[in-house]
Amino acid sequence: MNEVDQSQESPSWQYGSNPQAIRIENEGTQVPAFLNKTYEIVDNPANNHIIAWSDSGVTFIVYDTGAFCSHILPAHFKHNNLASFVRQLNIYGFQKVGSKNLWEFRHDKFRRDERHQLPFIKRKSPTRKSWMTENSNDEQRSEVILTELIQLKQRQELLEMNLVQVMNTNDTLWNDLIACKQQQREIQDNLQKVLYFLMSVHQADDQKNSQLSGVLDMTHGQNMSGSLSSLGSGSNSGLNDSLSHHHLSSHHLGSQP
């Protein structure tokens, strides 16, 4: 009878008090969305290079905090804050284990192939004890913050490198622009010289054409005068010959009996 009563007991947050809670099939309880999503992330083989179960399966490890913050967290929790994720783990009783530089976490009810244990992971109540426990985790949160600062420093250095490359590229483009302008001026000067040369040649041709036209006009006038003179002398000679022939003919006719 006691066993039945214990099976029917459940914390208030397991039955609708948490709007983000998700019901597990074939279970009479609900699991907070954070735990379900975290289990799915760890249990997904596609994420093994970023986050995965340890060899024993009783803990999980975040291998690549950078990729975890930039890809995994935004896709499932709509933020990219590793400290917030660790804070949520602490709220549900997870503990950081292993070496200081390794992000490894464990919970007795959070294990590989034991998803049915998730309903038994309880959220810590905000008691004085929990506040003391939270204060005891300041060092852990400091490590998270330090890791984030290191990542920010690396991003800043990368941005500075990119800025230097952009400035170098800008200088190169500026020098190319100056060279192009210089070439443009040289081409424009050469075009002006060619135009002046063509104009001078054209003007000289116009003068030559004008002089040649005058010479042709003078030659044509002389030829016309000579033709008219020859024509006039020839006509007079013919007229005199005709008159002489007519006189001789009349004299001959008069002398006959």
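**A walk through a predicted chain**

Let us start at the beginning of the chain: over residues 1-21, pLDDT stays under 50, and the model has 26 contacts for this stretch beyond four places in sequence. Here pLDDT is the predictor's confidence in each residue, from 0 to 100, and a contact means heavy atoms within 4.5 Å. The other low stretch that we will visit, residues 253-257, also stays under 50 in pLDDT, but the model gives it zero contacts beyond four places in sequence.

A word on how to read what follows. This is a predicted model, in which local features need pLDDT of at least 70 and side-chain atom pairs count only at pLDDT 80 or more, while totals for chains, interfaces and linings use all residues. Residues are numbered from 1 along each chain as its sequence is written, and side-chain values use heavy atoms, with hydrogens and water left out.

Now for the whole chain. Its pLDDT averages 75, and 63% of the residues score at least 70. You will find six helices and six strands, where helices (H or I, at least four residues) and strands (E, at least two) are DSSP runs numbered from the N terminus. Along the sequence they follow the pattern α-β-β-α-β-β-α-α-β-β-α-α. Of these elements, strand β3 (residues 51-53) has the highest mean pLDDT, at 96, and helix α1 (residues 2-8) the lowest, at 41.

How many of the chain's 257 residues are buried? The share is 23%, with buried meaning under 20% relative accessible area, exposed over 50%, and partly exposed in between (1.4 Å probe, protein chains only). The accessible surface comes to about 18900 Å², and carbon and sulfur atoms account for 55% of it; such areas come from the Shrake-Rupley method with a 1.4 Å probe, and for residues only the protein chains shown count as cover. Among contacts between residues at least 6 apart in sequence, 51% join residues at least 24 apart.

Next, look at helix α2 (residues 33-43). The rest of the structure largely encloses α2, because eight of its eleven residues are buried. Those buried residues are A33, F34, L35, N36, T38, Y39, I41 and V42.

Helix α2 has a partner in helix α3 (residues 65-77): their axes come within 11 Å and cross at roughly 140°. The axes are lines fitted to C-alpha atoms, for helices over the stretch in contact, and the angles run from 0 to 180 degrees between N-to-C directions. This crossing is right-handed, which is the case when the near helix is turned clockwise from the far one by less than a right angle, anticlockwise being left-handed. On the α2 side F34, K37, T38 and I41 take part, and they meet I72, H76 and F77 in α3. An α-helix has 3.6 residues a turn, so residues three or four places apart point the same way.

Staying with α3, we come to L73. Is L73 buried or exposed? L73 is buried, at a relative accessible area of 0%. Not counting residues up to four places away in sequence, L73 touches F68, K78, H79, N80, N81, L82 and F85. From L73 to F85 is twelve residues in sequence and 8.3 Å in space, C-alpha to C-alpha.

One of those neighbours, K78, sits in the loop between α3 and α4 (82-91). K78 has a phi near 60°, a positive value in a residue other than glycine. With 80% relative accessibility, K78 counts as exposed. D113, in the loop between β6 (103-106) and α5 (128-136), likewise has a phi near 60°, positive although D113 is not glycine. D113 is exposed too, with a relative accessible area of 66%.

Our last stop is S54, in the loop between β3 and β4 (59-62). S54 counts as buried, at 8% relative accessibility. Leaving out residues up to four places away in sequence, S54 touches T59, F60, I61, E104 and R112. Finally, S54 and F105 are 51 residues apart along the chain, and 9.7 Å separates their C-alpha atoms.
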